[in-house]
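Visitor: I am new here and would like a short tour. Could you show me what we will be talking about?

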Amino acid sequence: MAIERTFSIIKPDATRRNLTGAINAKIEAAGLRIVAQKRIHMSKAQAESFYGVHSARPFFNDLVSFMISGPVVVQVLEGEGAIAKYRDVMGATNPANAAAGTIRKDFAESIEANSVHGSDAAETAAVEIAYFFAGTEIVG
Ligand code: UDP
């Protein structure tokens, strides 16, 4: 399988509870390498644009408010099949449906405050990485 890069966000519910290290431990235990990472506070415009694909969904405004309610940690993860692998490590969107041992099963508070984001495909991963990181900030 090819070496890929995927984009990750540790969301405000997780940074608030000081879970960045615990989440990173699960990422690294799965064989993914954190090749870029920074803690930022997203602007409303950034959050609206990042989740633009969901702008017509009923949960959009609440989701944007949640994403700017505190700091987030944006990351680039690298490894074999990184995009699908990270989706496995994250678990289902709704923590009630997430498999045992996944980040969302162990840490998520709700379907909205579900601790992490991960890209769902190669094209979105490339766009999302470029949205938050310059090439020189990614060190593989
Ligand atoms: N979300 C929400 N309510 C829903 C579905 C999703 O608040 O009913 C939020 C949740 O934080 C989720 C994000 O919107 O992670 C993006 O939704 P998506 O369906 O893309 O899920 P993901 O790819 O993050 O598992």
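Guide: One term first: a residue counts as buried if its relative accessible area is under 20%. Please also keep in mind that this is a predicted model.

Visitor: Thanks! Are F50 and Y51 buried or exposed?

Guide: The cut-off for buried is under 20% relative accessible area, while exposed means over 50%. By that rule, F50 and Y51 are both buried.

Visitor: How many aromatic pairs does the structure hold, and what kind is the pair of F50 and Y51?

Guide: The structure holds five aromatic pairs. In the pair of F50 and Y51, the ring centres lie 5.0 Å apart and the planes meet at 80 degrees. Planes over 60 degrees apart count as edge-to-face, so the pair of F50 and Y51 is edge-to-face.

Visitor: Why does Y131 count as partly exposed?

Guide: Partly exposed lies between the 20% and 50% cut-offs. Y131 counts as partly exposed because its relative accessibility is 36%.

Visitor: Which residues form one aromatic cluster?

Guide: Y51, which we met as a buried residue, is one of the members. F132 belongs as well, and F132 is buried with a relative accessible area of 7%. The full cluster is F7, F50, Y51, Y131 and F132.

Visitor: Now the ligand: where does the ligand sit?

Guide: Around the ligand are residues including Y51, T93, R104 and E112. An oxygen atom of the ligand is 2.6 Å from a side-chain N or O atom of T93. The protein covers 81% of the 510 Å² of accessible area that the ligand has on its own. The ligand's place is the largest pocket.

Definitions and conventions:
Residues numbered from 1 in each chain as written. Predicted model: local features only at pLDDT ≥ 70, side-chain atom pairs only at ≥ 80, totals over all residues. Heavy atoms only, no water. Near = heavy atom within 4 Å. Polar contact = N/O pair within 3.5 Å; in protein donor to acceptor, adjacent residues only side chain to side chain. Areas by Shrake-Rupley, 256 points an atom, 1.4 Å probe, with all protein chains shown as cover. 1 Å grid on protein atoms, 1.4 Å probe; cavity = no way out; pocket = protein on both sides within 12 Å on 5 of 7 lines; lining within 4 Å. Sits in = over half its atoms within 2 Å of the grid points. Phe/Tyr/Trp six-rings, centres within 6.5 Å; stacked < 30°, edge-to-face > 60°. Buried < 20%, exposed > 50% of the residue type's maximum accessible area, 1.4 Å probe, protein only.
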